[in-house]
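Student: Hi! Could you walk me through this one while I have it open?
Tutor: Happy to, let's take a look together.

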Amino acid sequence: MKNWRFSVIKIFFLLLVLSLFGRLFYWQIVNYNKLAVAATSQHLSTIRIDSPRGRILSSDGNILAGNQKAYLLYALIPDIKKNLQKGESYSEKVDELVKQIEPILFSETLADQVEPEKISQKDKETLEANLINKLKDSLSSENLIWVPLFKKLSAPGEDQIKKLKIKGLGFEEESERFYPEGSLASSLVGFVGKDSEGNDQGYFGLEGFYQDQLQGQSATLTQEVDASGQPILSVEESASRPKQGLDIETTIDRTVQYTVEKYLQESGKKFGAKNASVIVMDPKTGAILALANYPNYDPGKWNQYSDDIRKNNAIADVYEPGSTFKGVTGSIAINSGAVKPDTICPCTGPIKIDKYQVETWNNKYNPNSNMAAILEHSDNIGAAFWAQQLGKDKFIKGVKNFGFGSLTGVDLQGEETGLLKARQDWGDIDLVTGAFGQGLSVTALQLADAYAVIANGGKLMKPYVVSKVITKDKEIKTAPVQVREIIKKETAEQMQQLLLSAVEQGEAKRIIPKGMRVAGKTGTAQIPLKGQYDPNKTVASFVGFGPIEDPKFVMVVKYVEPKPIYGAETAEPTFFKIASELYNYWGIPTN
């Protein structure tokens with residue numbers, strides 16, 4: 001009997017030991033990773049530290065985009081629990097804490113909204129309720145030690161919360177983008193928003209294109225803490241130190257940029273344009289000296305503006321260039337030998353192509369016109385004659401050679417290619433209308449770059465904005481890039497004179513400042529809508545360069561849906577207002 005009882009006891013203890021070993025095996029081997037993560041979350045506190053972004057500088061070294069202090073507000077839950085009053089529950093403590101800090105955080109949240117002054121009372125209440133719920137949810141994570149509450153808190157906001165002397169709240173210094181010049185050059189600079197994980201991300205312009213260089217290297221600070229959330233002093237911090245992003249210096253001339261924006265904003269409102277753009281480039285190097293769009297926006301308050309306003313229309317909007325394209329057609333025709341400056345157009349009236357009748361813009365015809373007269377009168381029939389002399393293959397090849405239908409490669413985010421149909425889709429009517437800028441589309445930057453070819457003697461230059469990237473040890477300078485030679489120097493010189501004549505003998509010759517010798521061409525292109533052209537909606541533009549003797553700048557001015565609708569009445573006057581200021585600024589003599 002005793003042996004039987006002893007055997008039962010032995011079997012019981014054996015099973016118990018086996019059970020304990022099995023459980024230990026499960027904890028230490030099978031479920032190790034899960035338990036390790038859980039343990040780590042209880043005694044490790046991890047904080048992401050964003051590095052300051054690199055600065056964006058104008059050509060004179062002034063800051064267009066810099067950084068200012070901001071703060072991450074966080075809570076140490078064990079410290080909050082430690083300071084509970086007698087009889088007070090943790091949830092009551094959270095309610096009290098949120099009630100104290102929420103007005104400060106809501107004020108900053110509201111300021112970041114799109115058009116905060118227009119937010120209805122109902123929407124404000126919803127926004128505030130969402131903030132309160134978010135704060136309470138974060139603080140209710142009792143199994144955590146450290147929880148972030150609010151990112152990018154301003155310095156005044158941090159100071160206000162510090163004065164409340166709430167135990168359990170802390171701050172980690174962050175960096176926030178700051179634009180000391182406000183809206184100046186916003187289309188070039190771009191802005192810093194958030195990516196899908198809530199981290200800083202550059203969008204549009206330089207902020208977007210140079211994101212990798214500007215963002216630097218973020219870091220995470222991991223520090224072991226005890227059960228109360230306090231650092232264990234015997235354990236060293238483990239951190240990769242944040243590395244500041246690289247500074248970039250640009251080709252942007254602040255005086256030129258300011259001048260462009262002043263006249264563009266004034267004239268955009270005056271003409272009631274849907275939008276407008278101006279680009280000023282150095283034709284010899286491709287350096288962009290100024291670029292602006294109307295309406296403008298403040299990159300420091302980027303989320304208070306729509307996508308249409310934030311978009312860089314000068315490089316992202318494609319449009320039919322209209323008569324400004326005659327300068328390109330004429331250059332291709334002369335360079336190929338299809339026509340000469342003194343070649344006479346035999347056309348005396350409208351021309352019929354298939355089922356279409358092609359007319360001049362004003363239904364006036366000028367028989368026996370040479371190239372100068374065709375440009376002076378902006379004669380569609382004359383430009384069509386040049387293209388017919390070229391033929392489809394040479395015309396299309398020449399247009400592509402000028403860079404149309406391709407990216408210029410400018411170092412700005414958001415560039416579009418424009419539209420140039422495939423060779424097999426070109427009909428006879430496409431050749432004729434393409435000659436005067438219909439049936440194909442371009443960007444304002446492509447057009448500026450094409451006229452720079454004429455201004456600089458025949459070379460296509462790659463447009464660029466950053467002149468150098470500044471590292472800790474050196475400066476990496478940008479050298480101008482010649483893409484290819486497009487037309488012969490002789491062709492360029494002939495086109496310079498023809499475009500000078502187009503300005504001095506054209507519709508707007510009365511507005512040319514005395515002694516200013518500028519070559520250029522107006523354009524008034526009807527906007528295609530649902531397969532037809534709207535006669536009352538146009539893209540009005542002017543592209544030109546000067547002084548003719550040694551061009552220092554090429555400039556494009558473009559208005560979308562202005563009133564009056566013609567380039568000679570809107571874009572050309574704006575061009576000469578800006579050009580007059582540039583002549584004075586650069587000390588360019590006038591005859």
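Student: Which residues in H18 meet which residues in H19?
Tutor: Tyr451, Val453, Ile454 and Ala455 in H18 meet Ala492, Met495, Gln496 and Leu499 in H19. Contact here means heavy atoms within 4.5 Å. This is a predicted model, where local features need pLDDT of at least 70, side-chain atom pairs count only at pLDDT 80 or more, and totals for chains, interfaces and linings use all residues. Residues are numbered from 1 along each chain as its sequence is written, and side-chain values use heavy atoms, with hydrogens and water left out.

Student: How many nonpolar, polar and charged residues are in the contact of H18 with H19?
Tutor: It has 7 nonpolar, 1 polar and no charged residues. Ala, Val, Leu, Ile, Met, Phe, Trp, Tyr, Cys and Pro count as nonpolar, Asp, Glu, Lys and Arg as charged, and the others, Gly among them, as polar.

Student: And at what angle do H18 and H19 pack?
Tutor: Helix H18 (residues 444-456) and helix H19 (residues 489-504) pack at about 110°, with axes 7 Å apart. H18 and H19 are therefore roughly perpendicular (65 to 115 degrees). Axes are lines fitted to C-alpha atoms, over the stretch in contact for helices, and angles run from 0 to 180 degrees between N-to-C directions. Helices (H or I, at least four residues) and strands (E, at least two) are DSSP runs, numbered from the N terminus.

Student: Switching to pockets: how much space lies in the largest pocket?
Tutor: About 1400 Å³. A pocket is an open set of points on a 1 Å grid over the protein atoms alone, where a 1.4 Å probe fits, with protein on both sides within 12 Å along at least five of seven lines; lining residues have an atom within 4 Å of a point. Grid points are joined across faces, edges and corners, and the volume is the space filled by probe spheres set on the points.

Student: What lines the largest pocket?
Tutor: There are 40 lining residues, with Asp112, Lys151, Lys152, Glu176 and Lys194 nearest the centre. E4 gives the most, 7 residues. By class, the lining has 14 nonpolar, 12 polar and 14 charged residues.

Student: One more: is Lys274 buried or exposed?
Tutor: Lys274 counts as exposed (over 50% relative accessible area, 1.4 Å probe, protein chains only), because its relative accessibility is 55%. Lys274 sits in the loop between helix H10 (254-270) and strand E11 (275-281).

Student: What does Lys274 contact beyond its sequence neighbours?
Tutor: Leaving aside neighbours within four places in sequence, Lys274 is in contact with Pro295, Val560 and Glu561. The C-alpha atoms of Lys274 and Val560 are separated by 5.5 Å, though these residues are 286 residues apart along the chain.

Methods:
Angles under 35 degrees count as roughly parallel, over 145 as roughly antiparallel, 65 to 115 as roughly perpendicular and the rest as oblique. Buried means under 20% relative accessible area, exposed over 50%, partly exposed in between (1.4 Å probe, protein chains only).
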